Amino acid sequence: MNIRYQQIQGRSLGFYALIAGLGVLILASLGSVLFMEHHGHYVTGMSNRIVWGMPHVFALFLIVAASGALNVASIASVFGKKIYKPLARLSGLVSLALLAGGLMVLVLDLGRPDRLIVAMTEYNFNSIFAWNIILYNGFFVIVAVYLWMMFERRMNKFTAKAGLAAFSWRLILTTGTGSIFGFLVARQAYDAVIMAPMFIIMSFAFGLAFFILILMASYKWTERPLGDVIVNRLGNLLGVFVAAVMYFVVVKHLGSLYLAENSGVESFILFGEHVYTPLFWIGQIVIGGLVPMALIYHPALKGNRSTLGLASILVLIGGIAQLYVIIVGGQAYPMEIFPGKEILEGYGGIATYTPSLPEIILGLGGVAVSLIAVTFLIKFLPFLPESLADDVADPHHKK
Amino acid sequence: MSKKLNRRDFIKSTGVATASVATIASGISLTTFAADENPVTNEKRWGMLIDTNKLTETNIDDMVFACQEENGWGFEEHSTGDQKANWIRKVKVKDKATGKIDALPMMCQHCDEPPCVDVCPTNASMKREDGIVLVDRHLCIGCRYCMMACPYDSRSFVHEDLSNQKEHMPRGKGTVESCTMCVHRVDKGEMPACAEAVNSDAVIFGDLYDANSKINRVLKKVQSTQIRADLNLNTGVRYSGI
């Protein structure tokens with residue numbers, strides 16, 4: 001059976017309310033940027049010790065999620081799972097939208113965002129950051145081509161190849177994102193090669209959580225049929241990804257604890273008295289890991305869309321907590337500048353950081369940009385299948 | 001070898017010569033030195049040896065003060081605590097085993113393999129041929145990745161608009177900065193302000209490669225260390241006594 005794709009009407013009150021709400025958030029975030037750039041970063045909670053704050057948390061969260069959101073399309077065209085094929089267009093779109101939102105936040109938090117052109121023209125090829133700029137730009141191009149192959153019937157035969165290219169690129173891209181931290185030799189909290197694969201698996205979970213929420217919301221709000229087969233498959237997959245993230249987190253911390261030089265930073269994160277410890281255990285592990293897995297796998301909740309939606313939201317909240325612990329927590333703990341010595345004065349101690357409202361709004365503005373991009377584009381281009389009812393999505397599925 | 005001199009090369013190869021002053025904004029001037037007589041080469045490597053046994057805490061305070069006066073940092077009005085610029089500071093450490101306490105001045109260590117230069121996406125962080133690590137303020141986009149990478153916490157981000165800047169040391173909101181080893185003085189044959197502020201052998205500045213230089217001769221004799229020597233960065237600033 002052929003899948004028919006159709007734009008959403010986008011004329012309902014709800015549609016306009018959604019656009020207006022997201023628009024307000026975006027305007028507020030641009031206002032925050034003007035405020036921060038006009039005064040300088042002294043109006044933020046950031047300092048010379050916590051150089052990357054809340055904006056980076058959101059930016060990297062969205063960028064990581066972006067590459068993961070492409071997985072659904074990859075499963076269809078690279079791994080040949082037919083049931084995911086109707087979702088591939090939306091997967092590509094969500095991926096690009098999340099990347100755009102994340103990059104917006106990243107760029108607008110620069111000290112000199114007006115010099116973006118410098119970042120685009122001056123490259124230091126020893127810098128992971130410079131590589132990331134190339135990887136991000138390349139991702140836009142490759143996924144756009146991939147989408148074109150999917151949209152244009154004559155090009156459909158190249159979809160698998162484009163999908164493979166996009167899949168490979170996204171793995172490299174997230175490796176690059178994780179390596180931003182993994183290659184920082186001087187900081188005890190980072191400097192671990194496992195950061196790269198851990199970021200990849202985090203991207204699987206966060207990206208899929210975004211995708212599930214957007215898929216369920218758009219089908220519910222447009223009253224299009226969405227069958228249990230697809231929803232349950234995605235739910236199960238999310239559960240597996242969340243478990244995999246937890247596995248990597250355990251391995252990373254156990255590996256780090258084994259090194260005497262890292263025992264300080266590990267006990268600071270895992271058993272400390274600062275906000276990072278509850279953020280880790282309650283935010284990341286319980287809210288972002290154990291509860292979503294229970295919601296997905298508990299027999300009584302099987303196939304329940306509300307709990308799957310809740311699980312997805314919790315995965316995202318846990319993801320923010322995880323990136324906060326990694327990025328801010330990792331900087332808050334002082335570097336070991338003088339091994340074997342205690343620093344009495346001039347450096348050391350736990351750096352304090354309280355995110356200011358403009359920083360938080362800028363971060364949320366990035367999420368809003370991603371969502372508004374998806375909302376507009378599914379109105380103007382046929383991204384969504386008319387129906388994802390079980391007999392359409394998987395005709396051979398046995399009830 | 002005929003090579004066009006672009007701005008970066010020009011700044012890199014800045015030597016002792018006539019100074020030309022270009023006004024880039026009201027009150028802020030950019031001073032450059034023409035590079036004709038003594039171009040910067042890798043035949044020199046500027047360095048500093050700091051003997052903490054000879055250095056009193058007052059000496060260190062004087063060094064910090066001299067740097068502030070020379071380069072005009074630390075007078076930011078709105079920035080608080082860790083937001084203020086800090087190019088050099090006094091650090092006191094206590095040995096965990098023996099309890100011995102040392103005070104030392106801490107600034108950019110001018111690494112031979114600087115992590116800040118490696119990570120900088122736009123080549124704004126750079127190392128001159130003579131080993132001085134600098135930030136090109138025209139290329140810096142304020143991403144602060146160099147601050148994440150620096151093992152010495154030696155870099156500062158300018159968190160606010162600045163006024164009353166020194167003509168020879170233009171700074172800018174939203175960019176990163178650190179100790180320049182007083183490159184503007186060194187290129188004129190003078191010593192960095194901090195070294196000059198200590199009127200003794202406690203701080204020796206000079207060319208590490210020159211067998212006749214004082215720093216080279218003393219380093220051959222005394223036991224010295226590099227901070228975080230384990231990172232193999234081959235720092236230009238060396239310490240003895242700790």
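In what sense do strand β3 and β11(B) of chain B pair, and over how many bridges? I shall begin there. This is a predicted model, and in it β3 of chain B, residues 46-51, pairs with β11(B) in the parallel sense over 4 bridges. Within that pairing, Asp51(B) stands opposite Ser240(B) of β11(B).

These strands belong to an open sheet of 3 strands in chain B, ordered β10-β3-β11, and the pairing in the sheet is mixed. Why is one side of β10 and of β11 left without a neighbour? Both strands, β10 at 203-207 and β11 at 237-240 of chain B, stand at the edges with a single partner strand each, so one side of each has no neighbour in the sheet. From one strand to the next, the twist averages 20°. Across β3, β10 and β11 of chain B lies helix α7 of the same chain, residues 214-221, which runs at about 115° to β10(B).

For context, chain B as a whole has 7 helices and 11 strands. Of its 242 residues, 48% are buried. Among contacts in chain B with a separation of 6 or more, 61% are between residues 24 or more positions apart.

I turn now to the second sheet, which involves both chains. Here 3 strands form an open sheet with antiparallel pairing, in the order β1(A)-β4(B)-β5(B). Its edge strands are β1 of chain A and β5 of chain B, each of which pairs on one side only. Neighbouring strands in this sheet are turned against each other by 40° on average, direction ignored. Helix α2 of chain B, residues 57-71, packs on the sheet and touches β4 and β5 of chain B; its direction makes about 155° with that of β4(B).

The link between the chains within this sheet can be described residue by residue. Strand β1 of chain A, residues 341-345, runs antiparallel to β4(B) and is joined to β4(B) by 4 bridges. Lys341(A) has Asp95(B) in β4(B) as its bridge partner, and Ile343(A) stands opposite Val93(B) in the strand β4(B).

The wider contact between the chains takes 38 residues from chain A and 48 residues from chain B. On the side of chain B that touches chain A, at least two residues come from each of β4 (88-95), β5 (101-107), α3 (115-119), α4 (145-149) and β8 (156-157) of chain B. Which of the elements gives the most to that side? The answer is β4(B), with 7 residues. By class, that side of chain B comprises 22 nonpolar, 12 polar and 14 charged residues.

Finally, I come to the helices of chain A. Helix α9, residues 228-258, packs against helix α12, residues 305-332, both of chain A, at an angle of about 35° and with the axes 11 Å apart. The crossing of α9(A) and α12(A) is left-handed. From α9(A), Val231(A), Gly235(A), Leu238(A) and Val242(A) meet residues of α12(A), among them Leu308(A), Ala311(A) and Val315(A). The contact of α9(A) with α12(A) has 6 nonpolar, 2 polar and 1 charged residues.

Leu238(A) appears again in the largest nonpolar core, which has 198 residues; Leu238(A) and Ala205(A) are those with the most contacts inside this core. Helix α8 of chain A, residues 195-221, supplies the largest share of the core, 18 residues. Beyond its neighbours within four places in sequence, Leu238(A) is in contact with residues including Ala205(A), Leu208(A), Ala209(A), Ile212(A) and Ile296(A).

Definitions and conventions:
Residues numbered from 1 in each chain as written. Chains lettered and ligands numbered in written order. Predicted model: local features only at pLDDT ≥ 70, side-chain atom pairs only at ≥ 80, totals over all residues. Contact = placed C-beta atoms within 7 Å. Nonpolar A, V, L, I, M, F, W, Y, C, P; charged D, E, K, R; others polar. Pairing = 2+ DSSP bridges. Axes fitted to C-alpha atoms, helices over the stretch in contact; angles between N-to-C directions. Left-handed = near helix turned anticlockwise from the far one by under 90°. Core = buried A, V, L, I, M, F, W, Y, C linked by C-beta atoms within 7 Å. Buried ≥ 20, exposed ≤ 12 C-beta atoms within 10 Å, placed from the backbone.
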